[in-house]
Amino acid sequence: MRVRNLFAVVVLSGIYSFLMASVLLVLDAVDVALTEASVGAGVGTVLLLGTLYLTKTEEARPVHSILLPLFVAVGTAAVLIWGVSATPPFGIADTPVQLAGPDYIHRSLAETGIANVVSSVLASYRGFDTLGETTVIFTAGIAVLMLLKHAIPPGPDRKD
Amino acid sequence: MRLDVILRVVTKVILPFMLVFAIYVQFHGDYGPGGGFQAGVIAGATIILYALIYGLAPARRLVPAALVEAMIPLGVLIYAGVGVVGWLTGGNYLDYSHLAHDPVHGQEWGVFLVEAGVFVTVSATMVAIFYAFAGRGRR
Amino acid sequence: MGEQLPALQVVVPLIGALLVALVRRPTAAWLVTVVVSLAMPVISALLLVRVLNQGVISYHLGGWDPTIGIEYRVDIVNALILLLVSAVAAVIAPFARLSVLSEIAEGRIGWFYAMYLVSLAGLLGIAITGDAFNAFVFLEISSLSSYVLIAMGRDRRALVAAYQYLIMGTIGASFYVIGVGLLYIMTGTLNLNLIAERIVAVESFRPVLAALAFITVGISLKLALFPLHVWLPNAYAYAPSVVTTFLAATATKVAIYLFARFVFSVFGAGFVFADLPVTPILVALSVAAIFGAGTVAVFQSDVKRMFAYSSVGQVGYITLGLALATTTGVTGGLVHLLNHAMIKATIFMGLGAVFFRVGRIEFQDIAGIGRRMPITMGAVAIAGLSLIGVPGTAGFVSKWYLVVASLEVGWWWLAFLIVLSTMITVVYVGRLIEWAWFREPSRQVATVEEAPIEMLAPICLLAAATIYFGIDTYLTAGLAERAANALLSGLR
Amino acid sequence: MSDLIALAGDVVAHYNQWITVFLMVSGLYIVIARGNMVKKLVGLSLFQTSVYLLYISAGKILSGTAPIIDPHFTVYSHPLPHVLILTAIVVGIATMAVGLALVVRINEAYGTIEEDEIFKRDDDR
C-alpha cells in the first residue's frame with residue numbers, strides 16, 4: 001500500500017507518535033512518553049502541516065530503482081539483528097546497563113533532593129548534555145528564522 | 001456572527017488552564033514527569049492555539065516577534081549563566097553545590113534555574129518557528 | 001582559572017553566540033566573533049602546554065565523577081585538534097567581515113555570526129569531550145548550524161545542498177547513536193575511557209562488532225569517506241565563502257578525530273586492526289577516494305567545486321595514514337590532517353577574496369585573475385603547491401610520512417600509488433594556475449583590484465604557515481608523532 | 001546449521017529489539033527510496049525514533065517502575081537511557097524543523113519538492 005497524499009502521511013505519523021508514547025509509558029519512561037506525545041504528535045504535526053500548506057500535498061510517482069535502498073536497508077537490518085541478538089535479554093536486572101542504575105537511584109534524593117531521578121540526571125548529573133540540548137533548540141530556532149524570515153519569496157524560476 | 005464562535009469561546013476558556021498546566025508541569029518536574037522542556041512545549045502550544053483561532057496578527061500583538069526572538073538566546077544564556085555562577089562560587093562549570101548554604105539546596109536551586117532557562121528557550125522557539133512558517137505566505 | 005580551561009574552550013564561543021543572537025547588529029556581532037575567535041587559540045595553546053607538562057587533563061562537568069556525570073578529557077591528540085580548530089577560527093574571523101557583508105543579506109548577518117560561533121562551539125565540544133553521548137549532542141549542534149550556514153549561499157542550489165547534507169548527516173549521526181547504544185548496552189557506561197576499560201572483556205561479542213560497524217559508517221558519513229562523500233562537493237561549492245573555508249578546514253577534521261578516537265582509543269588498535277580486516281577495507285576506500293575524487297576534480301568548471309572534490313581526495317590520504325595503524329602511518333595521517341586544514345583554508349579564503357572582487361568563481365569568469373590580484377592568487381598558488389607536496393612546503397612533509405609508512409609495512413605499490421596520485425593534484429592545481437596567469441583577463445576581471453588588506457593579511461599569514469611548517473616540523477610532525485603514539489597505545 | 005538455529009533462538013529472545021530493527025529499516029528505506037522531500041523527512045524521523053526503543057528497552061526491568069523515588073517501590077528502571085532519549089527526541093524535532101524550513105525555501109526557489117525534478121531543473125540551466 002502506498003500513500004501518495006501527504007496529509008495522510010502526516011496524520012499517520014502523528015498516530016505513530018502516540019503509539020510510540022504508549023509503548024514508552026509501558027517501558028516506565030514516563031518523561032520520555034510525555035515528551036514524545038507533545039513533540040512527535042504535537043510539534044511535529046504542526047510543523048509538517050505548516051510545510052504542506054506552504055508547498056505541495058501530493059507526492060509524485062517515484063522513478064527511482066528500489067535496488068539501492070533495498071540493499072542498504074537489508075544490509076543495515078542484517079548487521080543490527082546480528083548485533084542486538086547477542087545483547088542481554090529484555091527486562092532482567094542483571095545486565096551491564098543496570099549495574100550503574102542504582103547509583104543514580106540512591107544518590108539522587110540525597111545529593112539533589114529531587115525525587116524524579118530523570119529530572120536530576122537531566123539537569124544536574126548530565127546537565128551539560130541538557131545545555132547542549134537547549135543549544136540545539138536555540139540553533140534550530142535561529143536556523144528556521146534565518147531561512148524563513150525577511151526574504152521575499154522569489155519566483156520559481158529565479159536565476160542567480 | 002462568525003461560524004467559529006464555539007471554537008473561539010472554547011479556546012478562551014481552555015487557554016488559562018493550558019497555561020496553568022504548563023506551570024504545573026514545569027514545577028512538578030521534581031516529583032513527577034515533566035520539566036522545562038515539556039512545559040515549554042505546552043506554553044508554546046498555548047500561543048500557537050491562540051494564533052490559530054484568533055489569527056496571526058492578534059497573536060503577534062500579544063507576544064511580539066521581537067520578544068520571542070530575544071527569548072530564544074536568553075533561555076540558553078540563563079542556563080549557561082548558572083554554569084558560570086558555578087565557576088564564580090568556586091566549583092566546576094555547572095556545579096550547583098555552592099549556590100546555597102548546603103549542597104542539596106544548591107542543587108535544587110541550580111536545577112530550578114536551569115529548567116527555567118530551558119522553558120524560556122523552548123517556548124520562545126516554538127512560537128518563533130510557528131510565526132516563521134505561518135508568516136511566510138503561500139505562493 | 002587554569003583548571004577551568006577545558007570548560008572555557010567550549011563555553012566562551014557558546015556564550016559569545018548567545019550574545020551575538022541577542023544583539024544582532026552586524027558590526028557588533030562581528031566584533032564579538034573576532035574577540036571570541038581570538039581568545040580560542042590562546043585557551044587551546046594553554047591547554048596544549050598543560051597537557052605537554054602534566055599529561056592528560058580530566059575535567060568533571062558539574063563536579064560529578066565520570067561514572068555518573070560527563071567528563072572532559074584532553075590528551076595530546078585532542079589538544080592538537082582543538083588548537084587547529086581554534087587557530088583556523090581565529091584566522092577566519094578578521095577575514096569574515098567584508099566577505100559576509102557582500103554575501104549575506106543585511107538582516108541575517110547577526111544570526112549568521114551566531115550560527116558560526118555555535119558551529120565552532122560544537123566542533124570544539126566534539127573534540128574535547130570524553131563522553132560518547134555528549135559527543136553526539138555537540139555533533140548535532142555543529143551539524144544543525146552548518147546546514148543553515150550552507151543554505152545561506154546565494155545560489156538556490158545551496159538550499160538543495162544543505163538539505164542533502166541534512167539527510168546524510170542525520171543518518172550518520174543516528175548510526176553513531178545506535179553504535180553508542182550498543183556499546184552502552186554491553187558496557188553500561190558512556191564515558192569513553194570507561195568503555196575502553198570494560199570493552200576488553202566483551203570485545204569479541206557480536207554487539208560490540210556491530211557497534212564498531214555502526215560507529216564507523218556513521219562517522220564516515222560525517223568525514224566524507226568515499227563513497228559516502230556525495231553531500232560534500234555541493235555543500236562546499238555553494239556555501240558562502242567564509243562557511244566553505246571554515247567547514248573545509250575544521251568539520252571533516254574533527255570527524256576524523258572522532259573516528260580515530262573510537263577506533264584507536266576505545267575499541268583499541270590491537271583489536272580493530274589486528275583481528276579485523278579494517279586495514280585493507282580502509283586502504284582500498286582511501287585509494288579510491290584519492291584517485292576517484294581527484295579525477296572528478298580535474299573536470300570541474302567551478303573552482304570552488306574543484307577544490308571541494310579535492311578535499312574528498314585529501315581526506316583519503318588522512319584515512320590512509322590511519323588505516324596503516326603504524327606510528328609513521330598515523331603520524332602521516334595526523335600531519336596531513338593539520339596541513340590540509342591550513343592549505344584548504346588558504347585556498348578557500350583566497351577564492352573567497354576573488355569572489356568578493358569578481359562576484360563569480362567559474363574558471364572562465366576569473367581568467368587572468370592572477371595578474372589583477374597577484375598577492376591573493378600567489379598565496380593560493382603557494383597553497384596549491386603545498387597540496388601537490390612540493391618539497392619545502394607543508395604538504396611534502398605529510399606525503400613523505402605516508403610514503404615512508406607504506407614502505408615500512410612493505411607495500412611498495414601503495415607508495416607508488418601515493419606518488420602517482422600527486423600527478424592528479426598537479427593537473428588540477430596546474431589548471432587553476434594556467435587560467436589565472438596564462439589567459440587574457442576576461443571583461444569582469446580586467447577592472448578588479450587586489451583584495452583589501454583585511455582579507456589579504458589572513459590569507460598571507462596562512463600561506464606563510466604552509467611554507468613555515470614545511471621547514472620547521474616540530475609543531476606539526478613532532479607533536480603528531482607523540483599524538484600517534486598516544487593513539488596507538490590506547491587509553492588503557 | 002546449528003549456528004543458524006542458535007542465531008534464530010537469539011533473535012526470538014530479543015523480541016523488544018524486533019521493533020527497533022523494523023522501524024529503523026523502514027525509516028532508512030523511505031529516506032533513500034523516496035524522492036519527495038517531505039516524505040524523506042518523515043522517514044528520517046521514523047529512523048531516528050527507532051533509536052528510542054534500543055535505549056529505553058535496555059534500561060527496563062520487568063518488575064520495576066518509573067524512576068521516581070517513592071517509599072512504596074524498591075525496583076526502578078534505569079533513568080539514564082530516559083535522559084539520553086529526551087535529548088535525542090529534541091535533536092530529532094530540531095532537525096525536522098530545519099529540514100522542513102529548507103523544503104519550504106526549496107519549493108519557493110524551484111516550484112517543486114521532488115528531488116528528480118530539482119536535479120533536472122539545475123541541469124537544464
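**Note on the contacts of chain D**

1. Start at D:Val98 in this predicted model. D:Val98 touches residues of two other chains. From chain A come A:Ala140, A:Ala143 and A:Val144. From chain C come C:Leu144, C:Tyr147, C:Val148 and C:Leu166. Residues up to four places away in sequence are left out of this list.

2. The largest nonpolar core holds 371 residues. Which of them touch the most other members? They are A:Ala143, C:Ala162 and D:Val98. One of these, A:Ala143, is also among the contacts of D:Val98.

3. Now the A–D contact. Chain A puts in 73 residues and chain D 69 residues. On the chain A side, at least two residues come from each of helices H1 (6–26), H2 (30–54), H3 (67–84), H4 (96–99), H5 (101–112), H6 (117–125) and H7 (127–148). H2(A) gives the most, with 13 residues. By type, this side of chain A has 49 nonpolar, 15 polar and nine charged residues.

4. Next, the C–D contact. Here 22 residues of chain C meet 25 residues of chain D. Which elements of chain C give two or more residues to the side that touches chain D? Helix H5 (132–151) and helix H6 (157–187) do. H6(C) gives the most, with 14 residues. The chain C side divides into 16 nonpolar, three polar and three charged residues.

5. To tie the points together: D:Val98 touches both A:Val144 and C:Leu166, and D:Val98 is one of the three residues that touch the most other members of the largest nonpolar core.

How values were computed:
Residues numbered from 1 in each chain as written. Chains lettered and ligands numbered in written order. Predicted model: local features only at pLDDT ≥ 70, side-chain atom pairs only at ≥ 80, totals over all residues. Contact = placed C-beta atoms within 7 Å. Helix = DSSP H or I, 4+ residues; strand = E, 2+ residues; numbered from the N terminus. Nonpolar A, V, L, I, M, F, W, Y, C, P; charged D, E, K, R; others polar. Core = buried A, V, L, I, M, F, W, Y, C linked by C-beta atoms within 7 Å. Buried ≥ 20, exposed ≤ 12 C-beta atoms within 10 Å, placed from the backbone.
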